[in-house]
Structures are given as C-alpha cells and as structure tokens.
Amino acid sequence: MSERLAPSEVGPVLLCGRVADAIVAAIRTENAGVRVSHRGAYLRVAAATRCQVHADAIAAQLGEPFRIPQDLERVMPSFRGRLVLTETLAAWEARTAP
C-alpha cells in the first residue's frame, strides 16, 4: 500500500543513487520533519508546505560542486508543489488557492 501525501506536502522525486542520497541528506539538514519514501528506482521527499535545499549544502554532502538547476534536473524527474529555482537554491512550496 502506498503512503499518501497530505495536500500541502511538497518536495522532489529523485532517481536513486549517490547524488540523490546527497540531496536528501542536505534537505534533511535544512528542513525539519522531512519524510523520504523509497519507491524502488526513486525516492519521494515530502515536507509540510515548503522544502528547500542550497547548492552548497548538496556540494558539501557530495564532496564536489553541485549546480542548480543543471545537476538537479538530471536526477529529479518529478516534484510536488511549486518549484522556485535560483543559482544557489531549490525550493518546493505548497500552491496557494487563487
């Protein structure tokens, strides 16, 4: 049985591997209460209303430079929420009603 996300939960879906593990570790350092579900070939990250991660936090976990959005796009086939990108930050936010 699959775990259902609450309507306000947001976050990336990441292809499993070393880079995804580094992203998840960095996300956990920047966000409280993050849930990670293993789904075979991918990981689903879920946080309440906002989930963010900085490129330098991912780079620290990887031990090498990490570029947003280029390197993130390679391992993130999907996400939930509204995605905000800068050169140093990726943030997934709950959509607000119009």
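How many residues apart are Asp 71 and Arg 74 in helix 3? They are 3 residues apart, and because of that spacing they are separated by about one helical turn of helix 3 (residues 70-75). We'll come back to this pair, but here is some background to start with.

What you have above is a predicted model, where local features need pLDDT of at least 70, side-chain atom pairs count only at pLDDT 80 or more, and totals for chains, interfaces and linings use all residues. Residues are numbered from 1 along each chain as its sequence is written, and side-chain values use heavy atoms, with hydrogens and water left out. Helices (H or I, at least four residues) and strands (E, at least two) are DSSP runs, numbered from the N terminus.

Let's begin with the sheet of 4 strands. It is an open sheet in the order 2-3-1-5, with antiparallel pairing; two strands pair if DSSP finds at least two bridges between them. Strand 2 (35-38) and strand 5 (78-80) stand at the edges with a single partner strand each, so one side of each has no neighbour in the sheet. From one strand to the next, the twist averages 15° (axes are lines fitted to C-alpha atoms, for helices over the stretch in contact, and angles run from 0 to 180 degrees between N-to-C directions). Have a look at strand 2 and strand 3 (residues 42-48): they pair in the antiparallel sense over 4 bridges. Here you can find Ser 37 standing opposite Arg 44 of strand 3.

Now for the other sheet. This one has 3 strands in the order 4-7-6, again open and with antiparallel pairing. Strand 4 (50-54) and strand 6 are at its edges, each with a single partner strand, so one side of each is left without a neighbour in the sheet. Neighbouring strands here are turned by 10° against each other on average, direction ignored. Helix 1 (residues 18-30) packs on this sheet and touches strand 4 and strand 7 (contact means heavy atoms within 4.5 Å), and its direction makes about 115° with that of strand 4. Strand 6 and strand 7 run antiparallel and are joined by 4 bridges, and Leu 85 stands opposite Ala 90 in strand 7.

On to the charges. Side chains of opposite charge can pair when their charged atoms come close. A salt bridge is a side-chain nitrogen of Lys or Arg within 4 Å of a carboxyl oxygen of Asp or Glu, and by this rule the count comes to 6 salt bridges. One of them joins Arg 35 and Glu 9, at 2.7 Å from N to O. Arg 35 lies in strand 2 and Glu 9 in strand 1 (residues 9-15), so the pair ties together parts that are 26 residues apart in sequence. Is each of them buried or exposed? Buried means under 20% relative accessible area, exposed over 50%, and partly exposed in between (1.4 Å probe, protein chains only). Arg 35, at 26%, counts as partly exposed, while Glu 9, at 12%, counts as buried.

Back to helix 3: Asp 71 and Arg 74 form a salt bridge too, with their closest N and O atoms 2.5 Å apart. Asp 71 is buried at 15% relative accessible area, whereas Arg 74 is exposed at 56% relative accessibility.

Finally, Glu 93 forms a salt bridge with Arg 82, the closest N and O atoms being 2.7 Å apart. Glu 93 sits in strand 7 (residues 89-93) and Arg 82 in strand 6 (residues 82-85), so the pair ties together parts 11 residues apart in sequence. Arg 82 is partly exposed, at 43% relative accessibility. Salt bridges that share partners join Arg 50, Arg 82 and Glu 93 into one network.
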